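Let's take a walk through this model together, starting at the ligand and finishing with the chain as a whole. Have the viewer open and follow along.

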Amino acid sequence: MRLFLDTANIDEIRHAADLGVLAGVTTNPTLIAKEVGVPYRDRVIEIARLVDGPISAECLSRTADELVEEARAIAAWHPNVVVKIPIDEEGLKAIARLSREGIRINTTLIFSTNQALLAATAGATYVSPFVGRLDDIGEDGMALVREIVTIFDRFHIPTQVLAASLRHPRHVVEAAQAGAHIATIPYSVLLSMLKHPLTDIGIERFLSDYQRALTNLGSGATKEGEQTMISGKGTR
Ligand code: E4P
């Protein structure tokens, strides 16, 4: 399962890219609105120059004709840009037309398996089931991911399942177990995935044990003893 970052914040993206695990980025109008004063196009191009992978940018139009026009313009921003279109009647028509033109579509706001099936049938490259928002209303968001993956696998449907609206590190594990091709996660979740208190304690302990051993060698000891500790090669 590949990891995408769900943000439009350039510092977060730069840091995640530095960690060497970032395969793509998803943005949406809400995330862009947090980046005050940054035009959407400029920010997406900036991200695409930093991250060598799919960068999703969302359409705002509401009719199929307008969506097609807007999506063509967005797709031309950078070769890595994938166009995000919300699933509804107009969106579906636009996805079918754009997919025939070879424009890659990430179908967003997927809340049912049937919506995912329709988007895949129309030729979408990705479908994004929103796990957290289903959990928010008392449903099982990850069950939706599992169901879509099972059906796509059974019929060898090439559309990739992009688990979205993930809110905590356990969601990432469950998305992987469900067979999602991609998990898109907030920066905070990426950082939490890396952390474990026992790892921190373990590192501290290894360092202090090693320091103590050096000190014990200490008095009588000597550069030679220290060298033995470091290299593991005895002098015997
Ligand atoms: C995905 O593409 C969406 O931008 C995102 O995951 C939505 O997450 P939210 O429900 O936390 O806003």
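How far does a polar side-chain atom of lysine 84 lie from an oxygen atom of the ligand? The separation is 2.7 Å, and please keep in mind that this comes from a predicted model. Lysine 84 has company here. The side chain of asparagine 28 places an N or O atom 2.7 Å from an oxygen atom of the ligand, and the side chain of arginine 133 likewise has an N or O atom 2.7 Å from a ligand oxygen. As for cover, the ligand taken alone exposes 350 Å², and the protein buries 86% of that area.

Now widen the view to the whole shell. Around the ligand you will find Asp6, Thr26, Asn28, Lys84, Phe130, Arg133, Ala164, Ser165 and Arg167. Sorted by class, these shell residues comprise 4 charged, 3 polar and 2 nonpolar.

Next, look at the space itself. The ligand occupies the largest pocket, which holds about 260 Å³ of space. This pocket is lined by 17 residues, and those closest to its centre are Asp6, Asn28, Phe130, Arg133 and Ser165. Asn28 and Arg133 are thus worth a second look: each has a side-chain N or O atom 2.7 Å from a ligand oxygen. In the lining of the largest pocket, 7 residues are polar, 5 are charged and 5 are nonpolar.

Finally, step back to the full chain. Domain 1 covers residues 2–194, and domain 2 covers 196–236. Taken over C-alpha atoms, the centres of domain 1 and domain 2 are 48 Å apart.

Note on methods
Residues are numbered from 1 along each chain as its sequence is written. This is a predicted model: local features need pLDDT of at least 70, side-chain atom pairs count only at pLDDT 80 or more; totals for chains, interfaces and linings use all residues. Side-chain values use heavy atoms; hydrogens and water are left out. A residue is near a molecule or strand if one of its heavy atoms lies within 4 Å of it. A polar contact is a pair of N or O atoms within 3.5 Å; within protein, one must be able to donate a hydrogen and the other to accept it, and residues adjacent in sequence count only if both atoms are side-chain atoms. Accessible areas come from the Shrake-Rupley method with a 1.4 Å probe; for residues, only the protein chains shown count as cover. On a 1 Å grid over the protein atoms alone, a cavity is a set of points where a 1.4 Å probe fits but cannot get out, and a pocket is an open set with protein on both sides within 12 Å along at least five of seven lines; lining residues have an atom within 4 Å of a point. A molecule sits in a cavity or pocket if more than half of its atoms lie within 2 Å of its grid points. Ala, Val, Leu, Ile, Met, Phe, Trp, Tyr, Cys and Pro count as nonpolar, Asp, Glu, Lys and Arg as charged, and the others, Gly among them, as polar. Grid points are joined across faces, edges and corners, and a volume is the space filled by probe spheres set on the points. Domain bounds come from an automatic or database domain assignment.
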